[in-house]
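Biologist: Could you take one part of this model and go through it slowly, in words that a first-year student can follow? I would like a close look at a pocket and what surrounds it, and then a few words on other places worth finding.

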Amino acid sequence: MRLAAAWIAAWSGCVFATTVDSTAVVGGVTLSGPGAERMRSPISKLRNRTFDSASVRRSLSEAVDTVVAQGFLAASARATAAVATDSGTTIFVQTETGGRLVWENLVDVGTGSLTPQALRRLGRIPTGLPADPADLESAMRRLAQTGYVETTAPPSIRRLPRSARARAQLTLRDLPSSWIEAAAGWSRGEAAKGYVDAKLANLAGTARDLEFGISQGEQGTRAHALWKEPWLGAFDVRLVLRGNLANDTLTQSFEGAVDLVWALMDGRLEAGGGLAAAQRAERAGDDSLFGVRTREYGTRASVFWRRKPASVWPVDDLCARIDAQAVGTESDTGAGARLRAEASVDSWSGIGPVVARLGGRARGVWPLDRTAGLSEALAPGGIAGWRGWPEGSPRSPAWAWLVAQVGVGNPENGGAFVFCEPGARALRRQDLTWTPDWGWSAGGGLAFSLPAWQIDLVVAGRDDIPSWQDALLQVRARNRF
């Protein structure tokens, strides 16, 4: 990336101690001085070119421009001698660099809505340290990884008048990072089920997010909410508060958690940890009242990595997540402990209009025995999960499956796709123990891209459904704003 630096005092020159033939070819360049390594690349382009003063001056000028664009107050490159040899003309260059500018702040000269404080905290320009363009590149990657903004022009380093301080300058515009999503699913012999989810991202340009939603499905009524505070005081650590509420004829549960999350590798890697609490109750099929209530208190840890910012239509992406939880349980009947873990990986690769997807997800608990109740189990699939497992799928505390998908299309016009999902899960026996069950599902769908909208129509069936008339039909619509 070339950064404008017309305001920096710099000079270059040529002084040749030996006269050589004007048709000679440059065989080599020898650089010395404190700026040698920084100027080596542009000056080395002289090799194998015809030797003349004009081309040497152009290369020296380009080398100086390269250095001053890296935040140096002054730079020089001076050809001190040119010696003819059998292999060509060797040019000797003396280089110098002055002191460097130091960073003052990061500013947006575009139409982005991020507040100055949010821009500074997200970009993490090291105020008071030497103005290295690599810091500006990192700031651009961190901002892009948030999904809030994108750059519309090359960045630049601008010197503050009558000072040795520099301003990192970006031209940003907002992306539609907030969304509202609604979905519904039907299968023969069952009532329609659906959910509504919403995310309000970058509230008032402060990098704060709010997510919430409610669903009516195989697990009865479920609701969730999440609040993200982008940093705590002077620390670049994110605070995340979340809560989940579930209620149906057999189970009741309320879960809450508070996490601290650190963003690393320019925002591509996130590592977090926190505390969790929950209260659960279950009712046997032949009882009229819920049984004893179980209380949980424990710790959480998570790691998430994504190669690129999230996209409506991924083409070349890879992401992975690992979540773990260790809790202690207590109730009127005694105390215990439990470990839970969940992992997922998703990869996308595109060749022209064809996009292939390969992914997987797994969840497990320990110990998996009678104490692992339905109140902590999930139904892996349907409209609120992996598509191919119908809404009537039994809830399970432990499952794993893969997804292989091939699609044709693009984000402007939509497309079509087919998928297959083999997997396994633990099913509950009559004696309340768990046994493994294997299966697979497959289906296909159409995706429609409209202005600010993406609509998916999906039909999916499982290996044990009597006929395709019992397949799960889904409609999903997401509006981005």
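**A pocket and its surroundings**

Modeller: In this predicted model, the strands β14 (269–282), β15 (294–306), β16 (317–331) and β17 (334–351) each supply at least two residues of the lining of the second largest pocket. The largest share of that lining, five residues, comes from β17. In total the pocket is lined by 36 residues, and those that lie nearest its centre are Glu282, Arg370, Thr371, Gly373 and Arg428. Sorted by character, the lining residues divide into nine nonpolar, 14 polar and 13 charged, and the volume that they surround is about 890 Å³.

A peptide bond to look for elsewhere in the chain is the one between Trp366 and Pro367, which is cis, with omega about 0°. Pro367 itself is placed in the loop between β18 (354–366) and β19 (399–410). As background, most peptide bonds are trans, and most residues other than glycine have a negative phi. With that in mind, Arg124 can be picked out, since its phi is near 60°, a positive value in a residue that is not glycine. Arg124 sits in the loop between α3 and α4, and with a relative accessible area of 32% it is partly exposed. Ala204 also has a positive phi, of about 55°, and is found in the loop between β9 (193–200) and β10 (209–217); at 72% relative accessibility, Ala204 counts as exposed.

The interior can be followed in a similar way. The largest nonpolar core has 23 residues, of which Trp103, Leu106, Leu114 and Leu143 touch the most other members. Residues of this core come, at least two from each, from β5 (102–108), α3 (116–123), α4 (133–146), β6 (149–159) and β7 (165–174). Apart from this core lies another, of 22 residues, including Val29, Leu60, Val67 and Phe72.

Leu46 offers a further place to look, in the loop between α1 (36–43) and α2 (53–68). Leu46 counts as buried because its relative accessibility is 2%, and, leaving aside neighbours within four places in sequence, Leu46 is in contact with Val26, Val29, Ser55, Val56, Ser59 and Ile91. Although Leu46 and Val26 are 20 residues apart along the chain, their C-alpha atoms are separated by 6.4 Å. Within α2, the buried residues include Ser55, Val56, Ser59 and Leu60, and this helix of 16 residues reaches 23 Å from its first C-alpha to its last, close to the 22 Å expected.

Notes
Residues numbered from 1 in each chain as written. Predicted model: local features only at pLDDT ≥ 70, side-chain atom pairs only at ≥ 80, totals over all residues. Heavy atoms only, no water. Core = buried A, V, L, I, M, F, W, Y, C linked by side-chain atoms within 4.5 Å. Buried < 20%, exposed > 50% of the residue type's maximum accessible area, 1.4 Å probe, protein only. Helix = DSSP H or I, 4+ residues; strand = E, 2+ residues; numbered from the N terminus. 1 Å grid on protein atoms, 1.4 Å probe; cavity = no way out; pocket = protein on both sides within 12 Å on 5 of 7 lines; lining within 4 Å. Points joined across faces, edges and corners; volume = space filled by probe spheres on them. Nonpolar A, V, L, I, M, F, W, Y, C, P; charged D, E, K, R; others polar. Contact = heavy atoms within 4.5 Å. Expected span 1.5 Å × (residues − 1).
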